[in-house]
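Work through the following exercises with the model open beside the text. Each task is followed by a solution that proceeds step by step.

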Amino acid sequence: MKKIGIILTAASVLMVSALAGCGKKDAENGAAATASPAASTAASVAASPTPAASKAPTFKIGMVTDVGGVNDKSFNQSAWEGLQKLKADTGAEVKYLQSKGDTDYQPNLNTFVKDNYSITWGIGFIIGDAMKLVANANPNAKLAIIDSVVEAPNVKSVTFAEHEGSFLTGVVAGLMTQTGKVGFVGGVDIVVIKRFEAGFKAGVAAANPNAKVSVNYTGAFDKPDIGKAAAATMYNDGVDIIFHASGGTGTGVFNEATDRIKAGKKVWVIGVDKDQSVEFGNDVTLTSMMKYVDRAVYDVSKTLIDKGTFDTTPVVLGLKDNGVGLPAANPNVPADVLKKVEEYKAKIISGEIKVPEK
């Protein structure tokens, strides 16, 4: 793995000519927030350039969500927050199209490509096949994807070492469980989520070899009711800490834990992708496995604007790149546990510990 600052600076995109499409695009910019393909199921958001920015070439960055949606309180939302910051900092036009199913991915990607967006992001491993088709059919388009490697000369692939960050959450769970039983709730059983599971289980085993880890794949990233049922089963079995990697389905895990806390039973959830205590509160969130999708999307897109070249070398961001890890603040994790976490982190970065990916 390479340093994130160095890697992301290398990615860039050719600037859009100010005169070639200005007359046509001015009209489109005004309607960008409502335009969407027939296959797209949710609203898109756009920002018109400021008066000062309108005198310069306008950069347009598009983003296609997976089925979790832009408000999944997870990695789609994190990616969108990165683009909103990009808009605030540069005046670039940013817009998302939300996908409700697999059939939406290719049409949504094509919408941005046909509208000559400077770069089009696909958020999620599951979009990989659709992006490959779009990239091959549009060799001059510039695309980027999170959580998948798409082998095409016009696609920037950004993946993360989720297993490394998840190992640290496993250490926390292993040292803090009161019952000796912890759980993992996954979304769809795919390579990315298996990395979360593998790292978590390895961390638990390292910190507490006697602890038992229960695993449940819900088969969905957008079904809170299924997540709630999965959590209920685990908590009923004596599990007191659940780590979820299930997108919007994880909302149900938090809801179940919150209900039990209100009833007087102390259980915890470990969040994913973002610091989920911000959304669900510190009463229920033990810690979170941070995956800095917002930084990656921002930095790659910003470099596209600044540099004028497009480096499609795939990157993998782990602990040593600050691509994954725990939140800066962990009010529910005791100092002695955090000290152990730092010890394990140093060993992973040095190579002394190699965390399994599956």
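A residue counts as buried under 20% relative accessible area, as exposed over 50%, and as partly exposed in between. The model is a predicted one, and every solution below rests on it.

**Exercise 1. Classify the partners of the salt bridge between aspartate 259 and lysine 228, and place them in the fold.**

Solution. Begin with accessibility: aspartate 259 has a relative accessible area of 39% and is therefore partly exposed, and lysine 228, with 29%, is partly exposed as well. Next locate the elements: aspartate 259 belongs to helix α9 (residues 250-262) and lysine 228 to helix α8 (residues 224-236), so that the pair, 31 residues apart, links distant parts of the chain. Finally check the geometry, in which the closest N and O atoms are 3.1 Å apart, against the cut-off of 4 Å for a salt bridge.

**Exercise 2. Describe the setting of the salt bridge between lysine 291 and glutamate 162, and find the network to which these residues belong.**

Solution. The closest N and O atoms of lysine 291 and glutamate 162 are 2.8 Å apart. Lysine 291 lies in strand β10 (residues 285-291) and glutamate 162 in helix α6 (residues 162-176), so the pair ties together parts that are 129 residues apart in sequence. Both lysine 291 and glutamate 162 are buried. Following shared partners then leads to one network, made up of Asp147, Glu162, Arg195 and Lys291.

**Exercise 3. Where do aspartate 89 and lysine 85 lie, and how many residues apart are they?**

Solution. Both residues are found in helix α3 (residues 75-90), four residues apart, which is about one turn of the helix. Their closest N and O atoms are 2.7 Å apart, and they form a salt bridge. Aspartate 89 is partly exposed at 43% relative accessible area, and lysine 85 is likewise partly exposed at 45%. For the structure as a whole, the count comes to 14 salt bridges.

**Exercise 4. Identify the centre of contacts in the largest nonpolar core.**

Solution. The core holds 64 residues, of which Met63, Trp121, Ile146, Val158, Phe167 and Phe196 touch the most other members. Take methionine 63 and set aside its neighbours within four places in sequence: its contacts include Val70, Trp80, Leu83, Phe112, Trp121 and Ile123, and also the polar or charged Asn76 and Lys95. A second, separate core has 19 residues, among them Ile127, Met131, Val134 and Leu143.

**Exercise 5. Characterise the largest cavity and its lining.**

Solution. A search of the whole structure finds one cavity of 30 Å³ or more, and about 160 Å³ of space lies in the largest cavity. Its lining comprises 21 residues, with Asp66, Phe75, Asp147, Ile193 and Phe221 nearest the centre. The elements giving two or more residues to this lining are α3, α7 (191-207) and β9 (268-273), and α7 gives the most, with three. By residue type, the lining divides into ten nonpolar, six polar and five charged.

**Exercise 6. Compare the surroundings of aspartate 273 and asparagine 322, given that each has a positive phi.**

Solution. Most residues other than glycine have a negative phi. Aspartate 273, with a positive phi of about 75°, lies in strand β9 and is buried at 7% relative accessibility. Asparagine 322, with phi near 60°, lies in the loop between β11 (315-317) and β12 (324-325) and is partly exposed at 45%.

Conventions: Residues are numbered from 1 along each chain as its sequence is written. This is a predicted model: local features need pLDDT of at least 70, side-chain atom pairs count only at pLDDT 80 or more; totals for chains, interfaces and linings use all residues. Side-chain values use heavy atoms; hydrogens and water are left out. A nonpolar core is a set of buried Ala, Val, Leu, Ile, Met, Phe, Trp, Tyr and Cys residues joined through side-chain atoms within 4.5 Å. Buried means under 20% relative accessible area, exposed over 50%, partly exposed in between (1.4 Å probe, protein chains only). Contact means heavy atoms within 4.5 Å. A salt bridge is a side-chain nitrogen of Lys or Arg within 4 Å of a carboxyl oxygen of Asp or Glu. On a 1 Å grid over the protein atoms alone, a cavity is a set of points where a 1.4 Å probe fits but cannot get out, and a pocket is an open set with protein on both sides within 12 Å along at least five of seven lines; lining residues have an atom within 4 Å of a point. Grid points are joined across faces, edges and corners, and a volume is the space filled by probe spheres set on the points.
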